[in-house]
Amino acid sequence: MRTFNGVARDLVLQVRAETAVGETVFVSGNTPELGEWKVNQAIQLSKVHPEGNLWQALISIPANQNILYRYLICTVVDNDGKLENIVRYWESHVRPRILRPIDHIDGKEDLDVFGYQGDIESVSKGWLTSETIVQLKMFNSPVTIWKRRYREKPISVHVSSIDITRKDSVAEVIGMEEDSTLTEGVNRSWPIVEVAQMNDSGCQFTQQSQFGIMYDPNDYVIFQIQVLKPNSIAYMVDFYVHDSDVPEHIGFCYILPSNMRDTAGTCNMPISGKRQQPIGQLSVDYLIVRPMQDFVCDLSVTYAKHWKSLEKKGLDVGHRGAGNARRNDKVENVLENTVASFNYAAKHGADMVELDVQLSKDLVPVIYHDYYICISMKKKRTQNEHELLQLAVKDLTAQQLQLLKLSPAEAEQDKYQFHEDDSEDNQPFPTLKHVLEAVDPRVGFNIEIKCPMQHRDGTWELDIRFEMNRYIDVILRNILENAGNRYIILSCFHPDICTMVRLKQNKYPLLFLTQGETDRYTPYLDTRTSSIPMATYFALNTGILGIDVHAEDLIRDPGHISFVKDRNLVLFCWGEDINHSDVIKSLKDQGVDGVIYDKVDEFTRAQENVFLVEAKARLGLLELAGHAGENLCAWSSSSTN
């Protein structure tokens, strides 16, 4: 029931929402009374009946303005006397719920259902506000059991968190009963421990069973733990043998905070048996994801899981702008990953442009594809003579990069080398901020975040010296502060970076880039990169928009397209195989949502990009949600999620 009185109105909000133990429903909106979209100022609802799923709150709001609001489900945690709302789930429709001054609805229609507007459901998991995520990743046969009697038997793995600052926690764990994995020293409601497997049935994070998850050496398993103070939390990993009705506890190991000193790494821990003797070893990769520093995301707007079903089949995405390397086959001579290249692609009908961003030595996001550059040491005395020095982009400041005279490998001199008489917009290493400001705002950006990875043979693409949380925070903050209303999709080949980008912000959609099964590139160590099915399961596990795959896989087996699309993921593709008009058309006809290719001007027929066309068609329709309409210019209200 909603009642009015003068300039204010009392409002009873009621919503049906299913919650787990320790979770509470909140509401947030665009007024001070509703917390102005801030998570920790959201209004808490109460259960109407202890055993039911109906929640309500009485609030007083202005009677003369549109009220925008969303529901969220939180776990409330005591952080040294300060209560923190940890967002578990929230309503992520592009347009929030709205109450207009004229709305006055009585009866059953007053009742909201969490996640639904009409018959459209849109719920996303939360992002990091004050908590930290710790992931323990087990893959490539991580468990080795030395004791012969256990080797061939089914084993399950269970992870518990232990607060090592509690005086009684270590003593209780060490003195536990052999068939018990939980003790009084382990907090059962917080920290939250969940587990997932990279397969069709287990890719969503869920609470563990009593004896954990069954171990398969070929599986990729992720234990995810939400904590407030990672330096005070250790993890106990228990192992059970399943050869009777009651699983037998055979051993355990500890992973201490001191074992995880970096943002990411590998722990090799001995497994202790019943009599404290070593019976095996666990090898586990870890990742520590912290909330963004100096930037606070709120509940006002998100496009993270939104995708418009376009009348046009597939987006045309200009690879590094007008194409890979230097374009000198047209009137305009443009170099890849420059303002000139992006604007050239935009002028010739590209819906989006793909660009590569990495950090310079002084932590400035710059646009450049390769991790290394070659510079000339002296002038050539003969035509075939050159002396080159290879440097990493990360080892030079942004100013130094912009002053360089690049000299690529001899075979690619004509393709990549910039000219001294190039215009300023056609110079390499523009900053991300400058590109966001200087490129036609009507063209979308597919921003690939570059981060080196380890190959399966043990080598690395680059020895990165930046702390990964800081690396991502700098790039994300640059985008969030300078992108305006531009349509942006983020992407990355590195699964852990995708996890971090997803958890650190709630505004922009994300695609997981994968090279899949191919002989053209050295395979990566992380098996989440190994195939389209694995990439699909990872995208579902992480809760991102979709995947961006190497086209060779799709051309060889078009069934991959339906595999991805049937799971409600957006599908982009990239690769040299696409650079033919018939291939582009075929991929679009089969349902690929975005095609990234070179020489986009040759295949778009200089048509206007799709976002400009739709913006013109919707002109005058953006006042529905007041100021929130400012953020909707690139999007439509319909969504596949």
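R97 is buried, at a relative accessible area of 8% (buried means under 20% relative accessible area, exposed over 50%, partly exposed in between, with a 1.4 Å probe and protein chains only). Its salt-bridge partner, E91, is likewise buried, at 2% relative accessibility. The closest approach between the side chains of R97 and E91 is 2.6 Å, N to O. A salt bridge here is a side-chain nitrogen of Lys or Arg within 4 Å of a carboxyl oxygen of Asp or Glu.

The model is predicted: local features need pLDDT of at least 70, side-chain atom pairs count only at pLDDT 80 or more, and totals for chains, interfaces and linings use all residues. Residues are numbered from 1 along each chain as its sequence is written, and side-chain values use heavy atoms, with hydrogens and water left out.

Confidence was examined along the chain. The mean pLDDT is 86, and 82% of the residues reach 70 or more (pLDDT is the predictor's confidence in each residue, from 0 to 100). Two stretches with low values are described here. Over residues 408-416 the pLDDT stays under 50, and the model has 17 contacts for them beyond four places in sequence (contact means heavy atoms within 4.5 Å). Residues 619-641 also have pLDDT below 50, with 51 contacts in the model beyond near neighbours in sequence. Where pLDDT is low, the predicted coordinates should not be read in detail.

The protein chain contains 13 helices and 37 strands. Helices (H or I, at least four residues) and strands (E, at least two) are DSSP runs, numbered from the N terminus. Of the 641 residues, 55% are buried. The chain exposes about 28300 Å², and carbon and sulfur atoms supply 49% of this area (accessible areas come from the Shrake-Rupley method with a 1.4 Å probe; for residues, only the protein chains shown count as cover). Among contacts with a separation of 6 or more, 69% involve residues 24 or more positions apart.

Strand 8 illustrates the pairing of strands. It spans residues 82-91, and 7 of its 10 residues are buried. Strand 7 (residues 67-79) pairs with strand 8 in the antiparallel sense over 8 bridges (two strands pair if DSSP finds at least two bridges between them). Within this pairing, V76 has N85 of strand 8 as its bridge partner. The two strands form a hairpin with 2 residues between them. In the turn, D80 has a positive phi of about 55 degrees. Strand 8 also runs antiparallel to strand 13 (residues 123-125), joined to it by 3 bridges. Here Y89 is partnered by K125 in strand 13. In a regular strand the side chains alternate between the two faces of the sheet.

Helix 3 (residues 339-347) is mostly covered, with 7 of its 9 residues buried. The buried positions are V339, A340, S341, F342, Y344, A345 and A346. They pack against strand 27 (334-335), strand 28 (352-359), strand 29 (365-367) and helix 6 (432-438). Just after helix 3, G349 takes a positive phi of about 100 degrees.

The count of salt bridges comes to 30. One of them joins D243 to K153, with the closest N and O atoms 2.9 Å apart. D243 lies in the loop between strand 21 (233-241) and strand 22 (248-255), and K153 in the loop between helix 1 (148-151) and strand 16 (155-163). This pair links distant parts of the chain, 90 residues apart. D243 is partly exposed, at 43% relative accessible area. K153 is also partly exposed, at 29%.

Another salt bridge connects D395 and R465 (3.8 Å, N to O). D395 sits in the loop between strand 31 (388-392) and helix 4 (398-403), and R465 in the loop between strand 32 (444-449) and helix 7 (468-482), so the pair ties together parts that are 70 residues apart in sequence. D395 is partly exposed, at 31% relative accessible area, whereas R465 is exposed, at 63%. Elsewhere, salt bridges that share partners join R520, E552, D553, R556 and D577 into one network.

The structure holds 0 disulfides (a disulfide is a pair of cysteine sulfur atoms within 2.5 Å). For C498, the closest cysteine sulfur is that of C492, at 5.1 Å, too far for a bond. C498 is buried, at 0% relative accessibility. C374, in turn, is partly exposed, at 22%.
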